[in-house]
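This briefing introduces the structure shown below. The topics are the relation between the copies, the chain itself and the interface.

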Protein chains: 2
Amino acid sequence: MNDLTQTPEMLIATLGARARRAAAIIARASDAQKADALRRAAQALRDQAPAIIAANARDMDNAAANGLSPAMLDRLKLDETRVEATAAGVDQVASLADVLGGVIDRVERPNGLELSRVRVPLGVIGIIYESRPNVTADAAALCLRAGNAVILRGGSEAKESNRAIHAAMVEGIVAAGLPAEVVQLVPTTDRAAVGALLKAAEFVDLIVPRGGKSLVARVQEEARVPVLAHLDGINHSYVDRAADSAMANSLVVNAKMRRTGVCGATETVLIDRGYGDAPALVGALISAGCAVRGDDAVQAMDSRVTAASAEDWDTEYLDAIVSVRMVNGVDEAIDHIAAHASHHTDAIVTEDAATAEQFLNAVDSAIVMWNASTQFADGGEFGLGAEIGISTGRLHARGPVALEGLTTYKWIVRGTGQARP
Amino acid sequence: MNDLTQTPEMLIATLGARARRAAAIIARASDAQKADALRRAAQALRDQAPAIIAANARDMDNAAANGLSPAMLDRLKLDETRVEATAAGVDQVASLADVLGGVIDRVERPNGLELSRVRVPLGVIGIIYESRPNVTADAAALCLRAGNAVILRGGSEAKESNRAIHAAMVEGIVAAGLPAEVVQLVPTTDRAAVGALLKAAEFVDLIVPRGGKSLVARVQEEARVPVLAHLDGINHSYVDRAADSAMANSLVVNAKMRRTGVCGATETVLIDRGYGDAPALVGALISAGCAVRGDDAVQAMDSRVTAASAEDWDTEYLDAIVSVRMVNGVDEAIDHIAAHASHHTDAIVTEDAATAEQFLNAVDSAIVMWNASTQFADGGEFGLGAEIGISTGRLHARGPVALEGLTTYKWIVRGTGQARP
């Protein structure tokens, strides 16, 4: 592995071939064995918490010396509470229902052929991530639970932490009788290895980038392997003329301000000109600590509102800032969303069921909501147990992606000797 | 459109923006309106058959002057029978059941949020194809039926035919009250336009290449847009020791020889050493006109068998040639298939249900079959009505891809004012 003459392509080919062999084994492992591997891995994480925290301390020292921001340092940091939370997350994935082997649909043809589509693992998944070392455990757990092998490539700033967590995961996997190569960690943080991984279509079936926009953009630009990517969350909450004003204030403030840094946060509020309580809604946002950038009508409501520029309607703030625009009813709201949304999560607040259904049908986003906060855009909140990410793409899986999104299907055809005429 | 200063990127951006607008309209069109558009398009194809055949004659003249092979000329040629078959295909797509709007699953969360996943169109689909002009009609029909806009880019050798067929399709679409831009034909056969289309992720959600391996390879190499691709069909028929010999002979000869040029044709036959009638099976293949390339044991069965080289096990002949290898039971057959198959379609012939299930579970191909001919690998035979292609990829859609594969889903969340805690 440390042969300096080895190219990144050779390294990835070696890891990839091992992953393919491991994938063939885990694809046929029983559900009980996979769950057992995860429970043992969770226990190993707990048992090895001191070593993991010590490894993390080395990463933190390096990171501080390299001048990482306080926010980045906080993302990197592990303590007993965070290691326990990571272990508990792995246990939780172990407790999820099996998604494999189920028959999606079945049909008998007039010639007697019986066709069924059966859910099977995707194969080998590559995860490329940045500073949060817990991804080493939780992404690995989801991939394994869905019957896949995984190749992890974490950020250089977390390399010691990732190695320690990876070692604990492997301990559990091997103790359950599965091959260690089900979960591999790329043993170099050389950036060229990422490039090689992104092009390894022979060995990798899906790449999931988990990190900031620049990482996702690089992955999408370079990958020859299919990518399950999350881009922007430019989400809208539309307050219709028929909205209940108490509900509107509660939902919009929650959608914007509960946590401003999550991808499900509302970034633009559209208010129907026919809605009577717009000033109170704007005031509620400001009272909650949000800076409001509005069109002329919104600026006229409150002197604390500043002018929104054209760029504001296309901006994901991920901060306590919101753009607010008045629109002529649901049709104009739908048009604004079509022009500016990132097709992530968009919501309507209204008591009018017909208007709500119009909005839910017409808005082409991964998640559309009626009388609910866009901050519910989350795999856990959707009952999926845990998520590998939220996909803003349209193929394969859309919105929160959990175990099912890490599977595919095959067609099984049972005959009695049919030749094709 | 004929502005010579326009770059391919500008052309595709123009077509793409039109397609996005048309996609938003067709996504909300009723099922009846879409079916009506296709029936009118089919009628327009019939009405304009003389013009289509005349346009095709110009393509044929050019192609002959350019020295196209007889096989290519035959693919290109349209006559009354073929135009009628194309129109009938469009009518058939009109008669398929609606795939949109269906609820895939629904769940109510403890907090009262009701979540459902609903099937919606994919958006804008790009089809890149070669010499068969009927693709202009049938790919457009499938995309439209699933609620999508489509951008077609046909081969230069069929440009006159494609324009005539496209004109007929648009006549039907407009007559049904839908925008002409639902089906656009790239108005140049400049290869740079293909490159621009493959990179137009802003405007195109999926690219489907329909053509030979070099086209598919180029598309996969260059595309920044997701690709639904069909690569090789290196398919296997495995004859187990417990196979019925009459069935084995019938199925294997059919799987190899019914049509040798289709992607579902068997290319390698694996025979269990415990199967008693291998010489008869080899003889049946030879009697059917097939050249047999075998391992030592197979060569010993019949003097007409030639030696298989290492490359034979990885070759898609698409011809009356087969490679035949003796294996030690189903386990070795599974291992051979894992090492050499293209994961398209692989079959077992056996009377032993347990062995069959072992094979069906272990072989990781888009289609696995028991006691049936691999030549059934076809959307029509699967009851899907028509297919846009057979996917050898693992994401989104696998095996025969028809209307459902041209859709995605969205999450609809219905609440009563829930804010996220």
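A turn of 180° with a shift of 0.0 Å along the axis lays chain A on chain B with an RMSD of 0.0 Å (least-squares superposition on the C-alpha atoms of residues with pLDDT of at least 70 in both). The two copies are therefore related as by a two-fold rotation axis. This is a predicted model, in which local features need pLDDT of at least 70, side-chain atom pairs count only at pLDDT 80 or more, and totals for chains, interfaces and linings use all residues. Residues are numbered from 1 along each chain as its sequence is written, while chains are lettered from A and ligands numbered from 1 in the order in which they are written.

**Chain A**
- Chain A has 14 helices and 16 strands (DSSP runs numbered from the N terminus: helices are H or I with at least four residues, strands E with at least two).
- The C-alpha trace of chain A spans about 70 × 65 × 35 Å along its principal axes.
- Of its 421 residues, 54% count as buried (20 or more other C-beta atoms within 10 Å of the residue's own, C-beta atoms being placed from the backbone).

**Interface**
- In chain A, 53 residues are in contact with 53 residues of chain B (C-beta atoms, placed from the backbone, within 7 Å).
- E16(A) gives the most to the side of chain A that touches chain B, with eleven residues.
- The copies meet through the same surface, because 100% of the interface residues of chain A are also interface residues in chain B.

**Strand pairing and axis**
- E13(A) pairs with strand E16 (residues 407–418) of chain B in the parallel sense over five bridges (pairing requires at least two DSSP bridges between two strands).
- Trp370(A) stands opposite Arg414(B) in E16(B).
- His396(A) comes closest to the rotation axis of the residues of chain A, at 1.9 Å (C-alpha).

How values were computed
Two residues are in contact if their C-beta atoms, placed from the backbone, lie within 7 Å. A residue is buried if 20 or more other C-beta atoms lie within 10 Å of its own, exposed if 12 or fewer, and partly exposed in between; C-beta atoms are placed from the backbone.
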